[in-house]
Amino acid sequence: MSLTLFLAVLTLAPAIAGLVLGALAIARKTPVAVTAALTAVGALVPVAGLLILAPDAAFPAPLRVTLFGSVTAPFAPVLRVDGLGVFTAFGVAVLIIPLLVWIAADSLRRAGALASLAPSCALILGIESAALLISFADNVLWLVFCWVVLAALVWALGELGTPADTVDRVGLGAMVAGPLATGVVLAMALLPARASTFYDLAGNSPLVAVQVVLLALALALAGGAYPFTAWLRRRALLATPAGFAALVLVIVPVVLFVALRTYGALQGSDGLWPHIGAVKPALTGGIALVVIGAVTVGVSGLLALGRRDGRTLLALLAAAQVGWGLVAIGTGQPAAVIGAVVLLVTVVAGLGAMLAALVAGGVVGVDEEPLAVGPRALGAPLRPLTMAAWCIGAAALIGVPLFGGFAPRQLMTAGALDGARLAIPFLGLAWAGDALLALALVRATAPAFSWRTAEEADEEAVALTDADDEDDAALDDDEPLVEADAVEAEAVSEVDGAAVDQPAAAPRGEDARELPGLIFAVLALAAGIVPQALLGFGTLFAAEDVLQPGKVSQVITLQPFGYALDVAQWLPSAFWIAASALGAVALLARGRVVRSVRPAVTMEPLPEPPVQTWKELRPAYESPFVQVGVDALLGGIDDAEGDTDAESAEDDPEDEYPEDAELVATARQEEPEA
Amino acid sequence: MNGIAGFALAIFIYPGLLAALVVGWLLFWVRDLAHGALGAKDVPGPLHTVAQLRATYQSETSILEGMRPAVLTVSGVVAVVFPLLALIFLPVPANPLVSLLGFAGDLVVEAALLLGLPLARLAVGWATPMDAARRAADRAARLLAGASLPLALALIAAAQLSGVLSLRSVPSSVSVVTVVAQVLAAAAFACALPVLARRFAVRERGETHPAPEGELAGVTGRDLALFRLGEVLQLVAVCGVFVGALILPLVQSVPDSTHRTLIWIVGVVLTAAGIGAWEGVRGTSEPGNERPPLTWWLGIPVLLALAALVVAAWATRG
């Protein structure tokens with residue numbers, strides 16, 4: 001089989017399967033078995049093809065073919081097989097698409113509409129083909145075309161079931177505007193160079209610094225970075241679960257990929273973006289990417305403080321990842337670019353884990369969604385594995401040390417130290433943004449551990465033992481237990497004055513639903529424990545296609561416990577060993593705990609809305625420079641809790657800083673007699 | 001030294017668990033001394049912290065109805081482990097890990113690990129079904145949010161000056177501008193020290209049944225003891241990172257290892273004393289103003305950090 005035919009089958013098989021499925025869906029002849037079979041075929045063919053293709057990506061120069069037309073034509077499906085393309089395609093075929101299919105199926109099954117799975121699967125297969133074509137695209141205009149198609153398909157997936165007269169046309173326009181804008185900017189580079197492909201552009205880029213600034217804005221628009229985050233939040237709120245998943249799991253990584261591919265083609269012979277003037281140290285157009293990226297992370301953290309709904313938090317997290325990617329590409333330094341490639345993995349793993357947790361918890365669905373705390377709907381039982389997946393995914397996305405997202409950020413920071421010094425302060429802003437995201441996520445998640453459903457209270461009516469001890473019967477006979485009064489936990493029926501729909505408690509036997517989130521969480525955790533394995537298993541190989549020849553091995557050295565750079569070192573495996581040993585000692589020192597139960601002093605499952613906590617930030621939340629385009633794109637869509645409602649924001653001055661005495665008195669009243 | 005033995009030595013003896021506990025006990029006492037001296041309070045004895053910890057450990061361990069034990073367990077372990085990790089991987093004098101792994105610390109890692117205990121406390125506060133604890137957690141979150149920006153900018157300025165992320169390198173050239181930038185960065189970081197090293201207040205009913213206030217108001221017994229232990233270790237870690245990352249570069253012309261060790265010790269003790277002094281001074285202010293508003297952080301601390309960045313950029317312009 002020729003390489004051309006092979007690539008055609010690999011990239012177009014999902015689309016063909018999707019078209020067949022779509023036609024059957026229109027003809028209303030899509031039993032679930034047929035849908036599953038066609039989807040499986042369409043999804044597995046690329047996986048098999050990639051396994052066969054992977055060794056061929058090791059050539060020093062990429063293999064290039066055209067599906068039809070001439071390689072030199074301005075617009076032709078010219079494909080290239082290289083490390084970065086194969087690496088990205090694997091992520092699409094092995095990780096993203098199966099998760100999208102599962103999310104679509106699970107959300108429809110919960111709504112009792114599994115019979116209408118076919119259109120979703122058809123669109124997902126189309127998305128897979130578009131994403132694979134982007135991964136292998138070498139012709140710039142062909143990449144832009146596929147990108148526009150991808151954006152449209154993701155939009156359509158999010159609009160399934162929406163009446164035609166109420167579809168979100170504004171959202172569609174916003175989603176395709178970014179790819180089109182990027183195409184326009186890239187065309188500015190193609191025309192003077194008389195080139196049509198990234199391969200031809202490499203080393204011949206005529207871009208000037210101003211055009212790099214335009215490129216930065218175009219990529220920001222495409223990825224929902226500042227100042228264009230509003231469209232990402234809009235689509236996150238309006239889309240179906242599968243559409244929402246595709247938005248964050250496909251669109252965001254594609255933007256990062258295109259940024260990498262673009263940098264690889266447009267960098268100068270010194271590996272940097274076009275210079276600005278002749279200042280020393282050198283200042284390049286990449287500073288625009290750094291500024292936009294860092295501000296995106298900072299603003300995302302700021303906005304996340306005032307939110308606790310899962311969709312908005314995930315949208316802001318996704319925007320922050322785009323921000324970090326832009327920072328990395330903007331520095332133009334090898335270590336940072338390697339970090340951007342690693343970021344592709346950790347973004348998919350982290351967002352996938354959190355998304356899967358939301359779906360497994362029934363928080364994100366086709367029907368009206370319940371009020372929730374993180375992935376736990378109010379009134380639903382606590383699912384430990386789902387909560388673990390959510391927490392691990394979140395830790396990976398905000399750069400907690402020991403978890404997956406830290407390594408790319410550390411690489412980017414180290415890279416920035418090597419490059420333009422002007423970029424360094426913006427790294428501080430980005431790190432501060434991640435700290436704010438951490439605060440927002442902890443506040444949005446922690447209350448999930450503060451109440452029990454009536455069912456759980458009945459099951460655990462005796463005094464609590466240590467959470468690690470599964471055997472409730474093995475109680476310490478020497479310690480008298482204070483049994484809880486036989487009080488049934490009040491069902492959560494009202495929150496902030498609004499009635500809460502009581503979701504049906506999920507049967508205990510649905511643990512399989514937690515599996516996808518767990519898989520992605522394990523991947524995110526593994527990326528944190530052994531990033532050297534991730535680097536050695538494809539990441540550095542992919543980065544070599546973006547950087548100058550030989551740069552990767554000059555910059556980074558893999559070690560048994562981690563990796564080392566010229567300016568930094570990270571040994572997470574050693575940290576994990578130490579953490580495990582110390583954690584065991586801490587638990588031993590605490591000893592076996594037998595806890596008596598005290599009556600709760602509040603039955604409110606949630607703290608007050610976060611926007612009340614951050615009253616001092618109200619000017620920031622109301623500023624049109626922080627929430628750019630919010631009125632136009634989110635007016636009437638976003639939840640009132642996230643807005644600075646005039647009435648709810650009325651401050652009682654005495655309440656703002658309660659005196660110590662008042663706090664102590666309140667606590668004493670609330671604490672029961674010993 | 002055998003690798004495994006060296007690793008175990010570093011984790012459990014020095015600069016790990018044992019050394020950290022001893023140093024933490026000393027620093028907590030120094031902090032209490034300074035607090036008492038400036039706060040016009042009775043100066044506690046050297047064993048006060050140990051007695052309080054013991055009393056807490058021996059008191060009844062209970063949990064509020066509905067609250068999950070797992071959040072107390074995990075948060076308590078995080079509260080102890082993260083500061084210890086920050087200490088173990090600091091390039092303090094004679095740290096076996098430095099020679100064993102060649103690891104010279106990392107500014108970003110250290111800063112992120114120092115945030116572990118504060119975030120763990122906040123998680124417990126928000127997970128506690130008690131309005132007072134949740135409100136206290138909200139206030140503490142504002143403190144932490146305000147401190148995060150000067151903290152991040154100060155450490156980035158330090159990294160810019162040294163040109164690396166590790167803590168052991170020495171700048172190739174030192175000038176007045178470099179020293180000024182380092183001092184500004186240290187001052188900005190110092191603004192965040194009381195937040196990072198914040199400890200929960202305790203209502204004393206004799207030496208028995210100490211009951212916390214703030215976001216840990218719902219935590220008792222052994223769970224609470226774990227958090228107090230974490231705070232002891234956090235104090236050591238915070239002082240160690242401050243000295244290692246921001247003070248030592250100011251005296252990097254001292255080549256003698258004995259003198260550098262002395263600087264470490266004196267620096268750590270003075271930092272703990274400074275934190276205690278700050279707490280003593282703040283304690284005499286009007287009740288109700290115990291927590292500076294969020295906007296305060298956007299004033300002097302951020303100004304210091306920005307100034308450090310500007311001067312650092314000037315110093316390293318090449």
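Start your tour at helix α13 of chain A: 27 of its 27 residues are buried, so to speak of it as mostly covered is fair, given that buried means under 20% relative accessible area. Keep in mind as you click around that this is a predicted model.

**Stop 1: a covered helix**

Select residues 334-360 of chain A to see the whole of α13. With 27 residues at 1.5 Å each, the helix should span 39 Å, and its end C-alpha atoms are indeed 39 Å apart, so the two agree. Now pick out A:V342, where α13(A) bends by about 30°. Just after the helix, select A:G362, which has a positive phi of about 75°.

**Stop 2: two positive phi values**

Most residues other than glycine have a negative phi. Try A:L402, which is not a glycine and yet has a positive phi of about 85°. You'll find A:L402 in the loop between α14 (384-397) and α15 (406-418) of chain A. Is A:L402 buried or exposed? A:L402 is buried, since its relative accessible area is 3%.

Hop over to chain B and select B:A94, a residue other than glycine with a positive phi near 65°. B:A94 sits in the loop between α4 (69-88) and α5 (96-101) of chain B. Its relative accessibility is 68%, so B:A94 counts as exposed.

**Stop 3: cis peptide bonds**

Most peptide bonds are trans. Go to A:Y226 and A:P227, though, and you'll see a cis peptide bond joining them, with omega about 0°. A:P227 is part of the loop between α8 (209-223) and α9 (229-238) of chain A. In chain B, select B:Y14 and B:P15: a cis peptide bond links these two, again with omega about 0°. B:P15 belongs to the loop between α1 and α2 of chain B.

**Stop 4: a nonpolar patch**

Stay in chain B and select B:L9, B:F12, B:I13, B:Y14, B:L18, B:V22, B:V23 and B:L26. Together they make a nonpolar patch on the surface, with about 590 Å² of accessible area. Two elements give two or more residues to this patch: α1 (3-12) and α2 (17-39) of chain B. Which of them supplies the largest share? That is α2(B), with 4 residues. For a single example, click B:F12, which lies in helix α1 of chain B. B:F12 counts as partly exposed because its relative accessibility is 31%.

**Stop 5: aromatic rings**

Time for some rings: there are 14 aromatic pairs over all chains. Show A:F75 and A:F145, whose ring centres are 5.8 Å apart and whose planes meet at 90°, so this pair is edge-to-face. A:F75 lies in the loop between β1 (63-66) and β2 (78-81) of chain A, while A:F145 is in helix α5 (residues 140-159), so the pair ties together parts that are 70 residues apart in sequence. A:F75 is partly exposed, at 45% relative accessible area, and A:F145 is partly exposed too, at 41% relative accessibility.

Add A:W142 to your selection: A:W142 and A:F145 form a tilted pair, 5.6 Å centre to centre with 35° between the planes. The two are 3 residues apart in helix α5 of chain A, which means about one helical turn separates them. A:W142 counts as buried, at 9% relative accessibility.

For your last stop, select A:W324, A:F406, A:W431, A:W570, A:F575, B:F89 and B:F103, which ring pairs link into a cluster.

Key:
Residues numbered from 1 in each chain as written. Chains lettered and ligands numbered in written order. Predicted model: local features only at pLDDT ≥ 70, side-chain atom pairs only at ≥ 80, totals over all residues. Heavy atoms only, no water. Expected span 1.5 Å × (residues − 1). Bend = angle between axes of the 7 residues up to and from the residue. Buried < 20%, exposed > 50% of the residue type's maximum accessible area, 1.4 Å probe, protein only. Patch = residues over 30% accessible without salt bridge, like charges linked within 9 Å, V, L, I, M, F, W, Y side chains within 5 Å. Areas by Shrake-Rupley, 256 points an atom, 1.4 Å probe, with all protein chains shown as cover. Salt bridge = Lys/Arg side-chain N within 4 Å of Asp/Glu carboxyl O. Phe/Tyr/Trp six-rings, centres within 6.5 Å; stacked < 30°, edge-to-face > 60°.
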